[in-house]
Amino acid sequence: MTRTMPSEAAEFPVGAAPVSAGADALLDDARTPRYKAIYHDLARAIRNGRYPVMTLLPTEHELCAHYDASRHTVREAIRMLTETGMVSRRPGVGTRVEAVKSSTRYTQRISQLSDLFLYIKNATLRLQQVRSIKATARQAETLGCAPRQEWLYVRAIKLLGGQSRPVAYAEAYVHPDYAAIREDIGRVRMPLSQLIEQRYSQRIREVTQEFSATPIGKDMAADLKVAAKTAGLVITRRYYGEADLPMLVTITTFPYTKMKYSMSLQVDWPE
């Protein structure tokens, strides 16, 4: 189990200045969002060898200046590159080129809580079911509650990176104290964690993660468009505020062909 604690986003070190067709040429087509135009330009530069594998992209500040774009726009472009597996963001190091081609497998690289929330924000959910359930003994063990306690249950199919094919099967359990967000689910485009924070003026302080493997069952496999018994990666996340019980528990199952999880660890040597 990994524990991810809140922290501030790290700044990237100075890197090489970008070379491209130029901001004006990129943005001639008003139909293309700026972040997508920047994404395509950077991806083309990586494929052409301007930024070789294992080297760093220019810093966020340099990219903003070069493309005459906001930090939000540049971050969206870098997020898209990250989702394709072409780059990875490394706090204290920079944005490193990992591959010259995009991968069909989704790579999730998370090193701080803000990365996790950005990933959740940019996921798209195709809602299947929202209902109240009474926790079974097995569910109660996962949720850390008494059997038959009532929780709000949400089930959806997850899409990422603008893809139309499903990437994951997502289940969420909302603590009964926060079940009133039910009326906003499907109506407000916002992650469940953020709905809870805004509606109840609560702050998520900690997220725990557990990883496991499972053969994907017949019904879930049909939703994910994979063969039954395909190997699946399961990520269980528990979101905590001030109380000991989680405010929200999510269980996301990815077919093994659709997901790779990457993390970096830093060693704090004694002085």
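The following exchange concerns helix H4 and its surroundings in a predicted model.

Local features here need pLDDT of at least 70 and side-chain atom pairs count only at pLDDT 80 or more, whereas totals for chains, interfaces and linings use all residues. Residues are numbered from 1 along each chain as its sequence is written, and side-chain values use heavy atoms, with hydrogens and water left out.

Trainee: What distance separates the end C-alpha atoms of helix H4 (residues 71-84), and why does it agree with the expected span?

Mentor: Helices are DSSP runs of H or I with at least four residues, and strands are runs of E with at least two, numbered from the N terminus. The expected span is 1.5 Å times one less than the number of residues. For the 14 residues of H4 this should give 20 Å, so there is agreement with the distance between the end C-alpha atoms, 20 Å.

Trainee: How many of the 14 residues of H4 are buried?

Mentor: Buried means under 20% relative accessible area, exposed over 50%, and partly exposed in between, with a 1.4 Å probe and protein chains only. Among the buried residues of H4 are Val74, Ile78, Leu81 and Thr84. The helix is mostly covered, and the count of buried residues is eleven.

Trainee: Which element gives the largest share of the largest nonpolar core?

Mentor: A nonpolar core is a set of buried Ala, Val, Leu, Ile, Met, Phe, Trp, Tyr and Cys residues joined through side-chain atoms within 4.5 Å. The largest one has 20 residues, and Ile78 and Leu81 are among those with the most contacts inside it. Two or more residues come from each of helix H2 (34-47), helix H3 (60-67) and H4. The largest share, six residues, comes from H2.

Trainee: Which residues does Leu81 touch, not counting those up to four places away in sequence?

Mentor: Contact means heavy atoms within 4.5 Å. On that criterion, the residues touched by Leu81 are Tyr39, Leu42, Ala43, Ile46, Leu57, Met86 and Val87.

Trainee: Which side chain is joined to that of Thr73 by a polar contact?

Mentor: Thr73 lies in helix H4 and is buried, with a relative accessible area of 14%. A polar contact is a pair of N or O atoms within 3.5 Å; within protein, one must be able to donate a hydrogen and the other to accept it, and residues adjacent in sequence count only if both atoms are side-chain atoms. At 3.0 Å, the partner of Thr73 is Ser70.

Trainee: Is Ser88 buried or exposed?

Mentor: Ser88 belongs to strand E2 (residues 87-90), and its side chain makes a polar contact of 2.4 Å with the side chain of Glu98. With a relative accessible area of 1%, Ser88 is buried.
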